[in-house]
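Please open the model in your viewer and keep the sequence panel beside it. The tour below moves from one selection to the next and says what is to be found at each stop.

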Amino acid sequence: MNKEMKLQDKNDRALHVPVMLSEILELLGPALNRPDSVLVDCTLGMAGHSSALLKANPQAKLVGIDRDPQALEVASRNLAEFSDRTTFVQARFDELVNLDLPRVDAVLFDLGLSSLQIDRTGRGFSYSHDSALDMRMGGNELTAAQIVNTYSQQELVKIFRAYGEEPNAKRIATAIVKEREKEPFEMSGRLVEVIADSLPAAVRHRGGHPAKRVFQALRIEVNGELDAFSAALPAALEKVNLGGRIAVLSYHSLEDRIAKKTFAKACSDDVPKDLPIVPLDRAAKFKLLTKGAQKPTRYEVEENSRSASARLRAVERIRQDEKGEI
């Protein structure tokens with residue numbers, strides 16, 4: 001679920017190994033190799049991908065979007081050498097539709113958690129560190145603590161299944177409701193213990209950390225991630241210029257399913273299958289650049305275990321609208 005492996009230099013400046021970097025450079029590079037091209041990084045994070053794309057494409061300018069002010073602060077430092085080519089926007093990426101961007105040549109979505117969020121304790125994202133149950137990426141009011149302390153058992157089961165694909169959702173939700181009656185949940189460590197204790201021993205010790213799916217579900221619910229992505233990806237398709245490209249790095253099947261479905265629709269003619277001639281205004285405006293979802297190489301996974309679940313899809317705009325609009 002996480003995007004980057006963090007290293008540190010002697011100045012304690014965050015350095016990164018972005019997931020599937022060579023593939024991203026290869027896919028988005030052709031769209032940025034023209035004067036005044038514009039790259040929109042919808043999930044800027046600590047700017048690992050954007051830094052490499054700006055270095056490889058000296059004509060490109062960046063609009064970096066992130067809802068997390070801490071991420072924008074770090075990204076601005078990491079991109080200081082490109083200050084004349086960068087613009088930063090604090091916003092959810094589904095607000096892309098409202099940004100004044102007349103032409104966009106490449107769009108990147110690198111979903112999931114960044115190293116900034118997972119490695120810095122105190123924000124409740126990690127099930128490996130005991131910290132306050134927060135999980136907010138931006139300025140939204142809802143916290144993970146509010147969810148586990150106020151949602152009904154039925155509502156908890158629903159989000160654990162829908163957003164975490166947790167097969168033991170009912171068992172875990174029952175245990176949470178029982179334990180919160182004794183004392184409200186405030187810290188992530190206690191929640192991890194309750195989740196683990198609610199599972200049979202055979203389940204608890206297989207398939208990764210027992211709290212992984214529940215923490216994923218809580219984070220998605222807190223931040224409205226899937227709704228935001230479902231709105232942002234079609235908006236990006238509308239914004240991209242002729243010859244422009246969009247790449248999506250997802251880290252679980254829920255995100256990848258949205259990308260797959262949205263891209264498939266954009267790359268299909270909007271006519272019945274048996275129609276002999278496709279009118280230009282109904283012809284597909286995009287083509288797929290990836291065959292299915294690309295996965296990281298075995299070598300990359302060995303070097304950066306956080307890349308293991310990554311899936312990459314990309315498309316290119318090949319046709320304008322009938323009136324020449326994009």
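Throughout this tour, contact means heavy atoms within 4.5 Å. Helices (H or I, at least four residues) and strands (E, at least two) are DSSP runs, numbered from the N terminus. This is a predicted model, in which local features need pLDDT of at least 70 and side-chain atom pairs count only at pLDDT 80 or more, while totals for chains, interfaces and linings use all residues. Residues are numbered from 1 along each chain as its sequence is written, and side-chain values use heavy atoms, with hydrogens and water left out.

**The whole chain**

Begin with the whole chain selected, where the secondary structure comes to 13 helices and nine strands. Of its 326 residues, 52% count as buried, a word that stands for under 20% relative accessible area, with exposed meaning over 50% and partly exposed in between (1.4 Å probe, protein chains only). Among the contacts between residues at least 6 apart in sequence, 70% join residues at least 24 apart.

Next, colour the chain by pLDDT, the predictor's confidence in each residue, from 0 to 100. The chain averages 88, and 90% of the residues score at least 70. Confidence is highest in strand 9 (residues 311-317), at a mean of 98, and lowest in strand 1 (residues 4-8), at 38. Over residues 1-15 the pLDDT is below 50, and this stretch has 55 contacts in the model beyond near neighbours in sequence.

**Helix 1 and helix 2**

Now select residues 21-32, which form helix 1, together with residues 48-56, which form helix 2; the two pack at an angle of about 50°, with their axes 10 Å apart. Here axes are lines fitted to C-alpha atoms, for helices over the stretch in contact, and angles run from 0 to 180 degrees between N-to-C directions. The angle makes helix 1 oblique to helix 2, since angles under 35 degrees count as roughly parallel, over 145 as roughly antiparallel, 65 to 115 as roughly perpendicular and the rest as oblique.

Show the side chains of Leu-21, Ile-24, Leu-25, Leu-28 and Leu-32 on helix 1, and those of His-49, Ala-52, Leu-53 and Ala-56 on helix 2, to see the residues that make the contact. By class, this contact has eight nonpolar residues, one polar and no charged, where Ala, Val, Leu, Ile, Met, Phe, Trp, Tyr, Cys and Pro count as nonpolar, Asp, Glu, Lys and Arg as charged, and the others, Gly among them, as polar.

**Two loops with positive phi**

Move on to Asp-36, in the loop between helix 1 and strand 3 (38-41). Asp-36 has a positive phi of about 55° although it is not a glycine, and at 47% relative accessibility it counts as partly exposed. Then select Ala-47, in the loop between strand 3 and helix 2. Ala-47, too, has a positive phi without being a glycine, at about 70°. Is Ala-47 buried or exposed? Ala-47 is buried, with a relative accessible area of 1%.

**Helix 10 and its partners**

Select helix 6 (residues 153-164) and helix 10 (residues 212-223), which pack at an angle of about 95° with their axes 8 Å apart. That makes helix 6 roughly perpendicular to helix 10. The contact is made by Ile-159, Phe-160, Tyr-163 and Gly-164 of helix 6 with residues of helix 10 that include Arg-213, Val-214 and Glu-221. Its residues divide into seven nonpolar, two polar and two charged.

Keep helix 10 in view and add helix 8 (residues 188-198), which packs against helix 10 at an angle of about 130°, with the axes 10 Å apart. That makes helix 8 oblique to helix 10. Ser-188, Leu-191, Val-192 and Ile-195 in helix 8 meet Val-214, Phe-215 and Leu-218 in helix 10. The residues of this contact are six nonpolar, one polar and no charged.

Which residues of helix 8 are buried? They are Ser-188, Leu-191, Val-192, Val-194, Ile-195, Ala-196 and Ser-198. What covers them includes helix 5 (144-150), helix 7, helix 9 (201-204) and helix 10.

**Last stop: Val-177**

Finish at Val-177, in helix 7 (residues 169-182), which counts as buried at 14% relative accessibility. Leaving aside neighbours within four places in sequence, Val-177 is in contact with Gln-153 and Leu-156.
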